Amino acid sequence: EDTGLGLTTYNSGNYEIKISSSERAAIELCYDVPIRESFDELDQIMSGLTTLRPRMVQYLLEKCGSVKTKRLFMYLAEKHNHAWVKKLNLDKVNFGTGKRSLCNNGHYDSKYKIVVPKQ
C-alpha cells in the first residue's frame, strides 16, 4: 500500500516536511465530515477548489477506501460545477452500494445515495 499518495514536499528553508496536496487534503476533509469537520465549512472550501488536477483526483478516488468520502467529495465537486469533474472517469471509482448519511432529516442525493444537510 502506497501511503505517499498525493503528498508533496514543503520546504521551509530550514527543513522539509511532507504535506497533503490540495487534492488529497480535500478528500481528507471529506473523510472528517461530520465528526471533526462541519459540512458547511467543507462546502465553502470545496467551492474554491477550481484548480485541482483531474489525474490526481482520479488516482486518489480510485485508491480511497471510504465510500462515504468519495460520494461526498463528488457530490460537492458536482454541486460547485468544477470544470475538472468532466475529466474524471467515475466508472473506475468504486462508490459501493447502499445509502450513506451525514445527518438526520437532510437532503437525499439519489446519484450518490448520500444524505447531506439541507442548504
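At what angle do α1 and α3 pack, and how far apart are their axes? The legends below take that up first, and then move on to other close-ups of this predicted model.

**View 1. Helices α1 and α3 pack against each other.** The answer is an angle of about 40 degrees, with the two axes 9 Å apart. That makes α1 oblique to α3, because angles under 35 degrees would count as roughly parallel and 65 to 115 as roughly perpendicular. The crossing of these two helices is right-handed. To find the meeting place, look for E23, R24 and I27 on the α1 side. Across from them, α3 brings M56, V57, L60 and L61.

**View 2. Helices α2 and α4 form another packed pair.** Here the angle is about 55 degrees, and the axes are 9 Å apart. These two helices are therefore oblique to each other, and their crossing is right-handed. From α2, the residues to pick out are F39, L42, D43 and M46. They meet L72, F73, Y75, L76, A77 and K79 in α4.

**View 3. The largest nonpolar core has 29 residues.** If you want a handful of landmarks, go for the ones with the most contacts inside this core: F39, M46, L61, L72, F73, M74 and W84. Several elements each supply at least two core residues, namely α1 (22–32), α2 (39–47), α3 (54–63), α4 (67–79) and β5 (114–116). Helix α4 gives the most, with 6 residues. As a bit of background, nonpolar side chains tend to be buried together in soluble globular proteins.

**View 4. A closer look at M74 and what it touches.** Leaving aside residues up to four places away in sequence, M74 touches L61, V85, L88, L90, F95 and Y112. Both M74 and L61 are among the core residues with the most contacts.

**View 5. Strands β1 and β2 make a hairpin.** Strand β1 covers residues 7–11 and β2 covers residues 16–20. The two run antiparallel and are joined by 5 bridges. One facing pair to look for is L7 and S20, with S20 sitting in β2. Between the strands there are 4 residues, and in this hairpin G13 takes a positive phi near 105 degrees.

**View 6. A cis peptide bond joins V33 and P34.** Omega for this bond is about 0 degrees. To track it down, head for the loop between α1 and α2, where P34 is found.

**View 7. H82 sits in the loop between α4 and β3.** Is H82 buried or exposed? It's buried, with a relative accessible area of 4%. Not counting residues up to four places away in sequence, H82 touches M46, S47, L49, T50 and A77. Two of these names may ring a bell: M46 and A77 also turn up where α2 meets α4.

**View 8. N81 and N105 each have a positive phi without being glycine.** For N81 the value is about 55 degrees, and this residue is found in the loop between α4 and β3 (100–101). N81 counts as exposed, at 59% relative accessibility. For N105, phi is again about 55 degrees. N105 lies in the loop between β3 and β4 (107–109), and at 71% relative accessibility N105 counts as exposed.

How values were computed
Residues are numbered from 1 along each chain as its sequence is written. This is a predicted model: local features need pLDDT of at least 70, side-chain atom pairs count only at pLDDT 80 or more; totals for chains, interfaces and linings use all residues. Side-chain values use heavy atoms; hydrogens and water are left out. Two strands pair if DSSP finds at least two bridges between them. A nonpolar core is a set of buried Ala, Val, Leu, Ile, Met, Phe, Trp, Tyr and Cys residues joined through side-chain atoms within 4.5 Å. Buried means under 20% relative accessible area, exposed over 50%, partly exposed in between (1.4 Å probe, protein chains only). Contact means heavy atoms within 4.5 Å. Axes are lines fitted to C-alpha atoms, for helices over the stretch in contact, and angles run from 0 to 180 degrees between N-to-C directions. Angles under 35 degrees count as roughly parallel, over 145 as roughly antiparallel, 65 to 115 as roughly perpendicular and the rest as oblique. A crossing is left-handed if the near helix is turned anticlockwise from the far one by less than a right angle, and right-handed if clockwise.
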